[in-house]
Amino acid sequence: MSFSAPPLPSDEEYNLSSEDSTLLKRVIGIQDDGELKRHLLAVQAEAYAVHPYACIRSLGFAKFRISKHPAYEAVIKLGKERQNAILLDLPCCGLPIHDVVGSDSRKAIYDGYPRENVIASDLYADYWTVGHKLFKTTEESYSVPFLQGDMFDPNFLKPGVRPVNTSSQITTSPPSLAALTSLTPLQHHVSVIYTSSFFHLFEADEQFKLAHLFASLLSPLPGSIIFGSHVGASEDEEDKLGRNRFTLRGTTAFAHSPASWKELWTGESGPFTPEQVLIQVKVVQNMDRKHYSGTLSSEKPYIAGCSHIWSITRR
């Protein structure tokens with residue numbers, strides 16, 4: 001099965017909410033609607049040339065989805081009240097279907113999360129550069145550290161590190177974010193991990209590895225949280241164990257159900273116990289998929305499933 005990327009939509013399909021438009025004008029400094037549209041479409045074309053993700057076609061990079069998450073207000077509160085509460089936007093640009101240029105971590109900073117405690121990481125560095133062009137910033141004017149790396153690379157993030165129960169069990173000191181060259185020094189020190197539309201890109205065994213890697217990064221302090229959203233299976237009995245799905249990239253991936261998602265994290269082989277974390281999953285029907293259409297050289301259908309909006313919070 002192969003995937004042929006569709007062309008970008010016409011200018012007439014340009015669609016941005018008044019809320020997102022207002023915030024972009026404030027942050028970027030462009031007040032004219034026409035000028036803002038031309039700027040976004042130019043950034044869209046450049047981002048699509050890096051990799052033709054569906055979200056780029058629908059201007060997903062210019063829509064601040066993080067603030068619509070049920071956990072968002074608690075996250076901002078934690079960032080303001082907990083000293084040195086590290087927020088990791090992971091991955092922030094290349095693979096997530098919405099936050100392709102780090103827009104969501106910028107939104108958190110705009111709403112009061114201390115910039116000095118934010119760090120971003122992804123497999124691709126090009127999108128981070130596109131993010132600077134979108135928001136008209138530079139590495140100097142927007143000094144959030146960015147780490148390029150592969151989550152599955154043991155030299156980038158050490159596998160086999162279990163979560164701890166209390167901060168007294170942590171054997172390392174919180175690192176300087178600006179000095180980091182890998183994610184390993186962050187293990188057990190991250191208060192907030194945000195990941196959008198990432199897990200659903202992988203097979204079940206890869207998601208199992210990711211869950212353990214993410215869990216190793218999370219601080220044991222109560223309220224520390226991993227949150228995000230992705231495509232998942234329904235709550236129907238037939239989908240209880242999750243299901244395989246076909247992606248628009250011509251590959252297969254695994255869609256967890258709410259039950260199997262909880263089992264992934266707190267089951268017998270999961271990184272946490274049910275006593276350590278509270279897992280919440282909200283299931284919603286998928287959005288209009290018109291921007292997600294491509295050409296699959298197979299008669300097998302693309303199974304979109306549902307959207308899961310979820311959080312995993314240390315008790």
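At what angle do helix 2 and helix 6 pack, and how far apart are their axes? Helix 2 (residues 33–50) and helix 6 (residues 126–135) pack at about 175°, with axes 10 Å apart; axes are lines fitted to C-alpha atoms over the stretch in contact, with angles from 0 to 180 degrees between N-to-C directions. The two helices are therefore roughly antiparallel, a label for angles over 145 degrees.

This is a predicted model, where local features need pLDDT of at least 70 and side-chain atom pairs count only at pLDDT 80 or more, while totals for chains, interfaces and linings use all residues. Residues are numbered from 1 along each chain as its sequence is written, and side-chain values use heavy atoms, leaving out hydrogens and water.

On to the cores. The largest nonpolar core (buried nonpolar residues joined through side-chain atoms within 4.5 Å; buried is under 20% relative accessible area with a 1.4 Å probe, protein chains only) has 34 residues. Among the elements that each supply at least two of its residues are these (helices being DSSP H or I runs of at least four residues, strands E runs of at least two):

| Element | Residues |
|---|---|
| Strand 5 | 190–196 |
| Helix 7 | 204–217 |
| Helix 8 | 258–266 |
| Strand 9 | 277–285 |

Helix 7 gives the largest share, six residues. F214 touches I193, F198 and W265, among others (heavy atoms within 4.5 Å).

Then there's the sheet: seven strands, open, in the order 4-3-2-5-6-11-9 with mixed pairing (pairing takes at least two DSSP bridges). The twist averages 20° from one strand to the next.

Methods
Buried means under 20% relative accessible area, exposed over 50%, partly exposed in between (1.4 Å probe, protein chains only). Angles under 35 degrees count as roughly parallel, over 145 as roughly antiparallel, 65 to 115 as roughly perpendicular and the rest as oblique. Lists of a residue's contacts leave out its neighbours within four places in sequence.
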